[in-house]
Amino acid sequence: MPNGIWLGGSADIDFMVHGVFPYQFFGHTVWITTTHICLLIVLLVIIGFAVAANAAMKRATEVPGFFQNIVELVVEMLDNMIKSTMGKSASKFANYIGTIFIFILICNFSGLFGLRPPTADYGVTLPLGLLTFVLIHYNKFKYKKVKGVVADLCDPWPIWAPINIIGYIAVPISLSLRLFANVLSGVVMMALVYGLLRVIAIGWPAVLHVYFDLFSGAIQTYVFCMLTMTYISDAVGDN
């Protein structure tokens, strides 16, 4: 496929986002890119798993089968991770944290199947960071009120307010850039391997996929969600 959706199997391999086909929107040409297509594939996989999991749990048995075991294991692991970090606030944010964890993880793992991971596009990671930013400050105003927000802003002295504001603004940027840069670096490395060494890139690149897609992908998912939970817990406080 010449448009670069796949990282392997093409003579035109690179690590850029490409337009696949254009369409007209209010007189402007808008492109459907490789990121959109890979995102659609990831979302279909997640939706398919969710539908299958819902059906499996409706007819759950006391002695779980293979798929029921997988569903229960995923839910239990996510619940334990969220509870250990957020404590009594875990139930309020379990759905959000669990959703972004699964979404980012599947996006990062998609490189194993020849797709260009959607998280290697800053247009995907930035909205995730902004969504977390909005959630942080919504809960900060909800639980600490304006007085508490102003107090945090002026901590330890009022003169520090501009620095604290910069720190708040940096949160979504740092969250999104960390995820984007780490995933993109793996995409670039694998594209170079397949593009420059395609004659001898047989079999052994699987080891690199294990690191960049599995290990690094899982670590970056965990880091993003852990930082999100830490920021939100700080915003909620003891409420």
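**Close-up views of a predicted model**

At 73% relative accessibility, F26 is exposed (over 50% relative accessible area, with a 1.4 Å probe and protein chains only). This is a predicted model, in which local features need pLDDT of at least 70, side-chain atom pairs count only at pLDDT 80 or more, and totals for chains, interfaces and linings use all residues. Residues are numbered from 1 along each chain as its sequence is written, and side-chain values use heavy atoms, leaving out hydrogens and water.

**View 1. The ring pair F25 and F26.** The structure holds 5 aromatic pairs (Phe, Tyr or six-membered Trp rings with centres within 6.5 Å). In the pair of F25 and F26, the ring centres lie 4.7 Å apart. Their planes meet at 85°, so the pair is edge-to-face (over 60 degrees; under 30 is stacked, the rest tilted). F25 is partly exposed at 45% (between 20% and 50%).

**View 2. Helix α2, residues 66-86.** Helix α2 (a DSSP run of H or I, at least four residues, numbered from the N terminus) has 21 residues. It reaches 30 Å from first C-alpha to last, close to the 30 Å expected (1.5 Å times one less than its number of residues). Its buried residues (under 20%) include V71, L78 and I82. Just after α2, G87 takes a positive phi of about 60°.

**View 3. The lining of the largest cavity.** Which residues lie nearest the centre of the largest cavity? They are P117, V183, V187, F212 and D213, among 12 lining residues (an atom within 4 Å of a cavity point on a 1 Å grid, where a 1.4 Å probe fits but cannot get out). α5 (161-196) and α6 (205-236) each supply at least two residues of this lining.

Definitions and conventions:
1 Å grid on protein atoms, 1.4 Å probe; cavity = no way out; pocket = protein on both sides within 12 Å on 5 of 7 lines; lining within 4 Å.
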